Amino acid sequence: MRPNREHLAALLAVVDTGTFEAAAAALHVTPSAISQRIKALESQLGHVVVIRSNPCRVTDPGARLLRMARQIELLERETFSGMGSQSPVVDLPVAVNADSLATWFPTVLSRVAAHRGIQLRLYVEDQEHTTALMRDATALAAVASDRAPVQGCSVEPLGAMRYVPVATPGLLEMHTSGRRIDWQALPVVRFNDKDDLQHDILAAHGVSRPDVCHVMPSSEGFAKAVHAGLGWGALPESDLGDSLARGSLRRLGARLHVDVPLYWQRWRIDSPALGLLSDAVRHAARAALRS
């Protein structure tokens, strides 16, 4: 089978915008036209390719078509890039974890900003789940903690991000007897339900469900919650600044930390824009992460 190009463009637009209506606006057609093109794809393939949820998601067969659609678009745009003043912008959807985005990844943005014709579209997800966005072809590159390459992708180590469990002195003193921390009673802050850093530390101390668990789904908000004494949390080493030296935060154990190895996964495709982005990621990671 050879899918119609307009049908593939409709699939790409639905996934990238999240709804049939937004896809129609992006392609300057009616929502009915988008629906008809998706139905034509499904009829030709013999499988459902899009789950009509909010936002829309692709099925496994749909992910295969989406991957092809994204590669075609990338190659087309790069072929015409530099051939005239109205060259199309190269779109690079990338998955990155929130802590990287809040710490070292902005350096990547600065390097990419120096090059015209590249459009970054970032998806923020936990580092253990960014590769899922690669598998369904939502993203073509990702900062991930999974070293096993997604099919059709290459993987390379970037370094490790160190997390240090800390709390305010006042909060810690309320839940410490002698030198023993009451991990069960000590309130904890989590980024979201996928954040296992604090869970792993608690499990090592025999606690599966602490009495109080605050959820703060923002890297900046998470750090502020810990600094405010709302609960303890594992902060990126680079976020600590001089707080330990000033005594505004205290470590929960002198040697207690968690090193999370990070990897760069990207499609194996000859793309100057993706190569430029990969170089920027390597450069920024080399300067910020532990080897």
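**Helix packing, buried residues and aromatic pairs**

Let me begin where two helices touch: R5, L8, L11, L12, V15 and D16 in α1 meet G62, L65, L66, M68, A69, R70, I72, E73 and E76 in α4. Sorted by character, the residues of this contact of α1 with α4 comprise nine that are nonpolar, one that is polar and five that are charged. I should say at once that what we are looking at is a predicted model.

Two packed helices are described by the angle between their axes and the distance between the axes. For helix α1, which covers residues 5-17, and α4, the angle is about 100° and the axes are 9 Å apart, and α1 and α4 are therefore roughly perpendicular to each other.

One residue of this contact deserves a closer look, and that is R70, which has its place in helix α4, residues 60-80. Is R70 buried or exposed? With a relative accessible area of 1%, R70 is buried, because the cut-off for that word is under 20%. If we set aside its neighbours within four places in sequence, R70 is in contact with L12, V15 and D16, and also with D91, P93, R121, A137, T138 and W267.

On the other side of the contact I would pick out L11, which, again leaving aside neighbours within four places in sequence, is in contact with I38, L41, V49, V50, V58, G62, L65 and L66. L11 also appears in the largest nonpolar core, a set of 72 residues in which L11 and W104 are those with the most contacts inside it. Apart from that core lies another, of twelve residues, among them V166, A225, L235 and L249.

Let me turn now to a second pair of helices, α2 and α3, the latter covering residues 31-45, whose axes come within 8 Å and cross at roughly 105°. That angle makes α2 roughly perpendicular to α3. On the α2 side the contact is made by F20, E21, A23, A24 and L27, and on the α3 side by P31, I34, S35, R37 and I38. Of the residues in this contact of α2 with α3, seven are nonpolar, one is polar and two are charged.

Within helix α2, which covers residues 20-27, we find A23, and A23 counts as buried because its relative accessibility is 0%. Which residues does A23 contact, leaving aside its neighbours within four places in sequence? They are A13, V14, T17 and I34. As for distance, the C-alpha atoms of A23 and P272, which are 249 residues apart along the chain, are separated by 27 Å.

Finally, I come to the aromatic pairs, of which the count is two. In the pair of W104 and F105, the ring centres are 5.6 Å apart and the planes stand at 65°, so the pair is edge-to-face. W104 counts as buried because its relative accessibility is 4%, and F105 counts as buried too, at 0%.

W183 and W232 form an aromatic pair that is likewise edge-to-face, with 5.4 Å from centre to centre and 85° between the planes. Because W183 lies in the loop between β8 (180-181) and β9 (188-190), while W232 lies in the loop between α10 (219-228) and β11 (233-236), this pair ties together parts that are 49 residues apart in sequence. Both W183 and W232 are buried.

Technical notes. Residues numbered from 1 in each chain as written. Predicted model: local features only at pLDDT ≥ 70, side-chain atom pairs only at ≥ 80, totals over all residues. Heavy atoms only, no water. Helix = DSSP H or I, 4+ residues; strand = E, 2+ residues; numbered from the N terminus. Buried < 20%, exposed > 50% of the residue type's maximum accessible area, 1.4 Å probe, protein only. Contact = heavy atoms within 4.5 Å. Axes fitted to C-alpha atoms, helices over the stretch in contact; angles between N-to-C directions. Parallel < 35°, antiparallel > 145°, perpendicular 65-115°, else oblique. Nonpolar A, V, L, I, M, F, W, Y, C, P; charged D, E, K, R; others polar. Core = buried A, V, L, I, M, F, W, Y, C linked by side-chain atoms within 4.5 Å. Phe/Tyr/Trp six-rings, centres within 6.5 Å; stacked < 30°, edge-to-face > 60°.
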